[in-house]
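The following note sets out several numbered points for a colleague's consideration. Each may be read alongside the sequence and the coordinates.

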Amino acid sequence: YSDRDSFIHRLDPRTKFLTTLAFILAVTLTPPHRWQAFVICFAVVAALMALSRVPVLYILKRSLVIMPFVLLVTVFVPFFKENGLVLLAAILVKAWLSVLSLILLTATTPVPRLLEGLERLRLPRVMVMVLSFMYRYIFVLVDEVMRMRQARDSRNFGGSRLWQVKTIGRMAGTLFIRSYERGERVYAAMLARGFDGQSRTLNNLSFKLANAYFTFVVVAVLLLISALSLW
């Protein structure tokens, strides 16, 4: 859905990244018993989802994927903390709201533009480059895994449980070696084409007036949430 057109889609990726980060910080720092602040945070996310025109069910389904992992980490909190059930519920709500904002960010921003925005924000160039390569070649690695799986199944993959584990281990080792060798070849090809560690694109980011208005509104709401948290 990142190729759609809406007010949120047209915002500068730097604006969306910084406001999303500020939103997550505000949600994380909200005390567990300030439920009115959580309601306002959800209202903010709901309003942004409506402006983005991204299907609500798509965002909700993807956000629920992370909740079992959060619950697995925090399931013992009620046994070791006073008001543990309240704290557990607050952690789940914070995680869910944070994931909603991140999904909305990625669903309205193409990854290349997001990475370009991160580089313009002076994030470490190595980190941005690693993220860029990961996004670019993860699909190649998935295809490699599918071919290895097809070759495994065509050889009547079966036998004992120990044999299956050994086969999967060999496949993982082979995939690691192939990925390393592919990375070396790609790096050599990039150096041969004049790569100097800086990514270049044809799109020029521009901070327009709409970005300033959006940032002002989001910051005002976050200040309201902070005031409710301290009140």
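1. Six salt bridges are found when the whole structure is searched. The model is a predicted one, and the individual pairs below should be read as computed from that prediction.

2. One of the salt bridges joins the side chains of Asp 5 and Arg 10, with an N to O distance of 2.9 Å. Asp 5 and Arg 10 are both exposed.

3. A further salt bridge connects Arg 178 with Glu 144, and the closest N and O atoms lie 2.6 Å apart. Because Arg 178 belongs to helix H10 (residues 161-192) and Glu 144 to helix H9 (residues 125-154), this pair ties together parts that are 34 residues apart in sequence. Is the environment of each partner buried or exposed? Glu 144 has a relative accessibility of 8% and so counts as buried, since the cut-off for that class is under 20%. Arg 178, by contrast, has a relative accessible area of 39% and is partly exposed.

4. The side chain of Glu 144 also meets that of Arg 182 in a salt bridge of 3.3 Å, N to O. This pair again links distant parts of the chain, with Glu 144 in helix H9 and Arg 182 in helix H10, 38 residues apart. With a relative accessibility of 27%, Arg 182 counts as partly exposed. Through shared partners, salt bridges join Glu 144, Arg 147, Arg 178 and Arg 182 into one network.

5. Turning to helix packing, how are H3 and H7 oriented with respect to each other? Helix H3 (residues 35-52) packs with helix H7 (residues 84-108) at an angle of about 20°, and their axes are 11 Å apart. Angles under 35 degrees count as roughly parallel, and H3 and H7 are therefore roughly parallel to each other. The handedness of the H3 and H7 crossing is left-handed.

6. The surface also deserves comment. Which residues form the nonpolar patch there? The patch consists of Leu 71, Val 75, Phe 76, Phe 79 and Phe 80, which together have about 590 Å² of accessible area. Among them, Leu 71 is located in helix H5 (residues 67-74). Leu 71 has a relative accessible area of 40%, and is therefore partly exposed; this value meets the requirement of over 30% for patch residues.

Definitions and conventions:
Residues numbered from 1 in each chain as written. Predicted model: local features only at pLDDT ≥ 70, side-chain atom pairs only at ≥ 80, totals over all residues. Heavy atoms only, no water. Patch = residues over 30% accessible without salt bridge, like charges linked within 9 Å, V, L, I, M, F, W, Y side chains within 5 Å. Areas by Shrake-Rupley, 256 points an atom, 1.4 Å probe, with all protein chains shown as cover. Salt bridge = Lys/Arg side-chain N within 4 Å of Asp/Glu carboxyl O. Helix = DSSP H or I, 4+ residues; strand = E, 2+ residues; numbered from the N terminus. Buried < 20%, exposed > 50% of the residue type's maximum accessible area, 1.4 Å probe, protein only. Axes fitted to C-alpha atoms, helices over the stretch in contact; angles between N-to-C directions. Parallel < 35°, antiparallel > 145°, perpendicular 65-115°, else oblique. Left-handed = near helix turned anticlockwise from the far one by under 90°.
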